[in-house]
Every structure is written in structure tokens, then in C-alpha cells.
Amino acid sequence: MRTEHALISAAKKGDTNAFGELVKRYEKYVYTLAFRMMKTNEEAEEVAQDAFVKAFQSLHQFREDGKFVSWLYTIVYRESLNRLRRHNNVMVTIDEHSGLEIWPTDAKSGLEQLTATERITIVRSAINTLRPTEAAVLTLYYLEEYSLREVCQVTGLTSSNAKVVLHRGRQNLLAAIKSMNSKPISDWL
Amino acid sequence: MNNSKDTLYQLIQEVGHSTPPVDFSQRVTSRLTDFAAEQKKTRESLPPLISGFGKWIIVSFLAAVFIFAFLFSEPSANGSGPISNLMKSIRSATTQHLPSILDASLPVFIFDSIFFWAFLAFAAMAIAATLFQRNGTSSQSVIGSY
């Protein structure tokens, strides 16, 4: 099995099979970020495909001192935002955040009583209600365990803006989970 | 991380990654193969503006013109630094061995002409464009920078 470095070097020389290997390795990461931002399978697939093609075309610009997957995330993030802007349904401005973050205990205890599948369904639906930038920042921060600095590198947000988006995303996600979990589970499945 | 953040972390980790369609990587590879084939076709269909030998003739000509311009242009006003002195000594050492016709005002007239410099700029751009296309990177300029 070839190393990532070897695959990137081969792909830079135009080896599409080597790049295909990279696609297989990172497709779920790229697709996840695209899906969290675009909200539908069809749009996510188109964005993910376009992102990989653009990555291949501009691979010579990739500096190998950074993580390849982070570079891919940058392309996916921009591609998603561009597509959303074209569809005119994205809000990327940062507005003020309000209130303190309080985890709703009734929602938490309710979630603990659910099966894992039910919980995943609710949280996934709640993530789908987030704004694209919030969903992207939360995914990078909590799922990929990126530091705030890495999140800023991928998204191009300033540190303070990323903190605001993260804070607001958390609040919105918790509120969405609470509202969904207060309803009977049968409504969700 | 406080309690609520821990809980969010656990929940998002539990949701995990989304799964792309089964044939996703095949579709991407297919698009890449099409793209590579099209790029190759485009590159082959573009006739080189100037052949390899002709390019070197033009490069040599431009180099000769620049050297000529360097020798006959006026030194910077009262320059007395090491580079200025070096330029002056090279000029005087070279021009004293050249035929006297080159000391006439013709070279100065030529190098003062805006048309001459416009021609030089055009020729330089033509060479740059030729080199750029021969490397096959011109079609990638639309891709943007990551």
C-alpha cells in the first residue's frame, strides 16, 4: 500500500489512478463536510465530486508541509459556499450571539433514554437545521477534532468569528435537539 | 470542555461520518480520466506559436538588443556607486573597440523610440505565452488558488 506522499507525488505527475486511491481514502471526510453544508445527498455528491476534480487540477499548489485532508476541506468548504451563494440561500455574515449556553437537562436525559439509532437520527436532523458555516465549523471542531486555529485555516474565518460561529452553532444545535426530542420519538422515525 | 460541550462532542462523534454512494470514487476517477484526456487533446491540438529553434533565435535576438541598449544608453545621472562605475567601465571598455558608426546617434534614436520598447514588450509576452502553453498550464488558470 502506497503512502499518502507517494500517491500525491504520482498524482502531481498526472497519475489519475494514484489520485483515485486518495479519493477512496478521503471520500467519506469530503462527503461528510459537503453533506453537512449542502444538506442533501445530491448536492453533497456534486460538491464532493467537483472538489476532488478541482483538487486534482490544482494539486501542484498543494504544499506538502500541511495535511492533505485539511487542504481538501478548504476546497470543499469554498466549493459549498460558492454553490450556496449561487443558489442564494446562504448566510455567511456573523451576527451577535446572545445568552449563555445552557445544556437543556430534560433534552439530555431524554436523549440518554433513546437507543443509539434514535439518538443519531435526532442529532443528524438537528445538524441539518444549522447554517452551512455553523455545520462546517462544528463538524471540523467536534468530529474531526480540529483546533480553532485549524478551523480558521480551513474556513478562512478570523479567530473571533470562528468562536462566534462555534458558540452560536452549539446553541442552535442544542436548541434543535431539545425541540426535536420533546416530541414523541415516533414522529422522527 | 464543560459538560455540555462534552455531551455535544459525544453526540457528534456518535453520528460520525456520512457515507458517500458506493460508486462515488469510480465516478470521480472517471471524471478525472475524461479531464486528463481532454487536456491532453487540447494541448496537442494547439500548434506551438514558435518552434523550439525559432524561440531560441528570438531569445538570442532580444538578449543582443538588451546588451546593445545597455552599452549605448546614457549612464544614470552622476552615478558614483560601485554598480554605476562597473557599468561605465564595461561601456567604455566595449565601445572603444566597436566600429565608429555605432557611436552615431542612430542607436540612441532607436532606443528612445516608444515603438521599439513596445515591440520588445510584445516579443517578450509572445515568448512567455509560448512557454506557458507548452507547459500545458494555461487551461488551469481558471481553477483558482487553494
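**Salt bridges, aromatic pairs and confidence**

At a relative accessibility of 34%, R27(B) is partly exposed (buried is under 20% relative accessible area, exposed over 50% and partly exposed in between, with a 1.4 Å probe and protein chains only). The model is predicted: local features need pLDDT of at least 70 and side-chain atom pairs 80 or more, totals for chains, interfaces and linings use all residues, and side-chain values use heavy atoms without hydrogens or water. Residues are numbered from 1 along each chain as its sequence is written, while chains are lettered from A and ligands numbered from 1 in written order.

The partner of R27(B) is E45(A). Their side chains form a salt bridge of 2.4 Å, N to O (a Lys or Arg side-chain nitrogen within 4 Å of an Asp or Glu carboxyl oxygen). This pair crosses between chains. E45(A) lies in helix α3 of chain A, residues 41-57. R27(B) lies in helix α2 of chain B, residues 24-45 (helices are DSSP runs of H or I with at least four residues, strands runs of E with at least two, numbered from the N terminus). E45(A) has a relative accessible area of 12%, so this residue counts as buried. The partly exposed member of the pair is thus R27(B), at 34%.

Over all chains, the structure holds ten salt bridges. Another of these bridges joins R83(A) to D50(A), with the closest N and O atoms 2.8 Å apart. The two residues are 33 apart and link distant parts of the chain. R83(A) sits in helix α4 of chain A, residues 68-86, and D50(A) in helix α3 of chain A. R83(A) has 8% relative accessibility and is therefore buried. D50(A), at 16%, is buried too.

D50(A) also bridges to R31(B), where the closest N and O atoms are 2.9 Å apart. Here the pair runs between chains, from helix α2 of chain B to helix α3 of chain A. R31(B) is partly exposed because its relative accessible area is 33%. Through shared partners, salt bridges connect R31(B), D50(A), R83(A), E43(A) and E46(A) in one network.

Aromatic pairs number 13 over all chains (Phe, Tyr and six-membered Trp rings with centres within 6.5 Å; planes under 30 degrees apart are stacked, over 60 edge-to-face, the rest tilted). One of them, between F62(A) and F68(A), is edge-to-face. Its ring centres are 5.4 Å apart and its planes meet at 75°. Both residues of this pair are buried. F62(A) pairs with W71(A) as well, in a tilted arrangement. The centre-to-centre distance is 5.2 Å, and the angle between the planes is 45°. F62(A) has 5% relative accessibility, so this ring residue is buried. W71(A) is likewise buried, at 7%.

Ring pairs also build a cluster. Chain A supplies F19(A), Y31(A), F35(A), F52(A) and F56(A). Chain B supplies F24(B) and F35(B).

Confidence varies along chain A. Its average pLDDT is 84, and 82% of the residues score at least 70 (pLDDT is the predictor's confidence in each residue, from 0 to 100). Helix α7 of chain A, residues 132-143, has the highest mean, at 95. Helix α5 of chain A, residues 105-113, has the lowest, at 59. Residues 92-103 of chain A stay under 50. For that stretch, the model has 29 contacts beyond four places in sequence (heavy atoms within 4.5 Å). The pLDDT is also below 50 over residues 184-189 of chain A. That second stretch has ten contacts beyond near neighbours in sequence.
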